[in-house]
Amino acid sequence: MHTKSKAYLIGGGIGSLAAAAFIVRDGSFPGENISILESASLLGGSLDGAGSPMLGYSMRGGRMLTTDNYECTWDLYKSIPSLNNPGKSVFDETVEFNERHVSNSMARLVDKRRAKVPVSSMGFSMEDRLELLKLSQADENTLAASCITDWLSHAFFETEFWYMWSTTFAFQPWHSAIEFKRYLLRFLLEFSRIETLAGVKRTIYNQYDSLVLPLQTWLLAQGVVLVTDCMVTRLDHQSEDGKLVVTAIHCVRQGESELIAVNDGDLVFLQNGSMTDASSLGSMTTAPEKRTKADSGGWTLWENLAEGRPEFGNPAAFNSCIAQSYWASFTVTLKNPAFFEEMTRFSGNEPGTGGLVTFKDSNWLMSIVLAYQPHFQNQPADVQVFWGYSLFPDRIGNFVPKPMSDCNGAEILRELCGHLRFDLEIVESANCIPCRMPYITSMFMPRILSDRPLPVPRNSKNLAFVSQFVEIADDVVFTVEYSVRAAQMAVYELLGIDRKIPPVTPHAKSLQVQFDALIKAFK
Ligand SMILES: Cc1cc2nc3c(=O)[nH]c(=O)nc-3n(C[C@H](O)[C@H](O)[C@H](O)COP(=O)(O)OP(=O)(O)OC[C@H]3O[C@@H](n4cnc5c(N)ncnc54)[C@H](O)[C@@H]3O)c2cc1C
């Protein structure tokens, strides 16, 4: 049916990889008619993960997934064969892994005395409960561009609940009240188990090895053309019957300019914005370089398309304030088991069962996660890797008199050991690679409905958006699921596919009464 049409996907994040898979699986396109154009040298976008014991491992993020949500993600990964377990899908192997390694955090919050904070109570006052109820019941038109602080009083931000919820999902008090409300409803089931993270599901390895590689392998087997080191710089378009039609793609491929003609019947999918845009890595001796969108050019295509076209959204709502959208992470490679042994003793959790440990009184608001080992497919048995992040990297540390933004890996390790009261010798041979992400929470910036385009904007004939920056009712950004759902919606609409997209599970509707009861019950 689609033997002549071609599909071009700009950006090679999970959104584009998923879109290509849906085009092949559900749209019956021959794989060779689909091209993914990615500016980086590897596919996967934000789902990166690479390194070696010698150079150190690095990943910008570590993902928590659930099986109670992530409907489109699992719909996709039920069709993608595992690379390590013949006959099983990625979905099957992930579920089985999580049955063997159940999350049950015993040291979710640690205070300034290095004491584990009791978290069976959420720390709510009656006022907090009432304000939370009011916010969770307000409609999105009322919430509009308001911030969380417009709805919740100062004391709320000192509750155990806030420390756990904000560090689990990376919320800041100044972020969008709409997004916060959507999270409360979408992850309602997590509300009652946020202190143990019992609902969290993990991939076997980091997400590049466990999610990107199997999907990329499957796409290659279908004949999909994967082009890396290819920066798309401009889209030519014209208007047909009042609809925008992309007619050509300009790109720079390995330093050479190229023009791809987009013919009648061809389709273009654009990743219009990335939370890891302009990110940079440091080392044990250097802090990451401070880059912005001016260095990356990562938002330019969307900014140009949106100019004078309100239905294509408003990128400025998301990418105009790095001070509010920025934080930093770090990955530590160890060749001595002492740190993992001490952490296991202290936390009571074997690696892979604890999830985030947050130092709630730390100036940087630092958290670390010790995943099940090995966390990289090529990681030898005598090497350990863990990841951490800080929500306030612009503040002076408690043990290092500098903002984290200016710190190298050695200084970050000193700060971490200070909070844990570990001797520095324990990380003597460690390699800590810091990562600065100026737009990491850009999706959470306060915004109004029209700031995000629909996956297929009303006035578009052959262009769709696949990213965290599209409008999808009820779903929540800062998730793999959001990009995969956007991909499925965009592909089904542009290709006219008559297959049901798995709906957002209505935990909130069926459990609203339970939610109210929960809030009332928390002391
Ligand atoms: C630190 C961190 C923690 C996270 N935690 C979780 C979690 O716990 N749970 C969860 O579900 N999700 C989590 N996420 C979110 C999840 O990883 C992202 O939502 C998802 O990976 C975004 O995928 P994407 O394909 O939409 O965009 P991206 O992965 O950002 O991909 C966009 C791609 O487009 C490319 N590109 C941009 N412009 C151009 C151009 N002009 N030409 C060519 N290529 C271009 C970029 O190089 C990039 O590769 C986390 C992310 C991070 C960074």
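These questions and answers walk through a predicted model of a protein with its ligand.

Reader: Which residues are the closest to the ligand?
Author: The model is predicted, so keep that in mind throughout. The ligand is surrounded by 37 residues. The closest of them are Glu38, Ser46, Tyr70, Ser274 and Ser483.

Reader: How many Å separate a polar side-chain atom of Tyr70 from an oxygen atom of the ligand?
Author: Two backbone contacts set the scene. A backbone N or O atom of Gly15 lies 2.8 Å from a ligand oxygen, and one of Ser39 lies 3.1 Å from a ligand nitrogen. Tyr70 uses a polar side-chain atom instead, and its distance to a ligand oxygen is 2.6 Å.

Reader: What share of the ligand's exposed area does the protein bury?
Author: Tyr70 places a polar side-chain atom 2.6 Å from an oxygen of the ligand. On its own, the ligand exposes 1,000 Å². Of that area, the protein buries 93%.

Reader: Which element gives the most to the shell around the ligand?
Author: Elements that supply two or more shell residues are α1 (14-25), β7 (230-240) and α16 (480-495). The top contributor gives three residues. That element is β7.

Reader: How many residues of the shell around the ligand are charged?
Author: The shell divides into three classes. Nonpolar residues number 17, and polar residues number 17. The charged residues number three.

Reader: Is Ser58 buried or exposed?
Author: Ser58 sits in strand β4, residues 56-58. Beyond its neighbours within four places in sequence, Ser58 is in contact with Gly49, Ala50, Leu281, Thr331, Phe376 and Ile433. Its relative accessible area is 11%. The cut-off for burial is under 20%, so Ser58, at 11%, counts as buried.

Reader: How many residues apart are Arg25 and Asp75?
Author: Their side chains meet in a salt bridge, 3.1 Å from N to O. Arg25 belongs to helix α1 and Asp75 to helix α2, residues 71-77. The pair links distant parts of the chain, and the separation is 50 residues.

Reader: Which counts as buried, Arg25 or Asp75?
Author: Arg25 has a relative accessible area of 24%, so Arg25 is partly exposed. Asp75 has a value of 13%. Burial means under 20%, so the buried partner is Asp75.

Reader: How many residues apart in sequence are the parts that Glu71 and Arg186 tie together?
Author: The side chains of Glu71 and Arg186 form a salt bridge, 2.8 Å from N to O. Glu71 lies in helix α2, while Arg186 lies in helix α7, residues 177-186. Both residues are buried. Because they sit in these two helices, the pair ties together parts whose separation in sequence is 115 residues.

Reader: How many residues apart in sequence are the parts that Asp406 and Lys290 tie together?
Author: Asp406 and Lys290 form a salt bridge with closest N and O atoms 2.5 Å apart. Asp406 is in the loop between β15 (384-390) and α15 (409-420). Lys290 is in the loop between β11 (280-281) and α10 (293-296), so the tied parts have a separation in sequence of 116 residues.

Reader: What is the relative accessibility of Lys290?
Author: Asp406, its salt-bridge partner, is partly exposed at 34%. Lys290 also counts as partly exposed. Its relative accessibility is 48%.

Reader: Which residues are linked in a network of salt bridges?
Author: The count of salt bridges comes to 30. Some of the residues are linked in a network. Its members are Glu140, Glu179, Arg182, Arg447, Arg452 and Glu471.

Note on methods:
Residues numbered from 1 in each chain as written. Predicted model: local features only at pLDDT ≥ 70, side-chain atom pairs only at ≥ 80, totals over all residues. Heavy atoms only, no water. Near = heavy atom within 4 Å. Polar contact = N/O pair within 3.5 Å; in protein donor to acceptor, adjacent residues only side chain to side chain. Areas by Shrake-Rupley, 256 points an atom, 1.4 Å probe, with all protein chains shown as cover. Helix = DSSP H or I, 4+ residues; strand = E, 2+ residues; numbered from the N terminus. Nonpolar A, V, L, I, M, F, W, Y, C, P; charged D, E, K, R; others polar. Buried < 20%, exposed > 50% of the residue type's maximum accessible area, 1.4 Å probe, protein only. Contact = heavy atoms within 4.5 Å. Salt bridge = Lys/Arg side-chain N within 4 Å of Asp/Glu carboxyl O.
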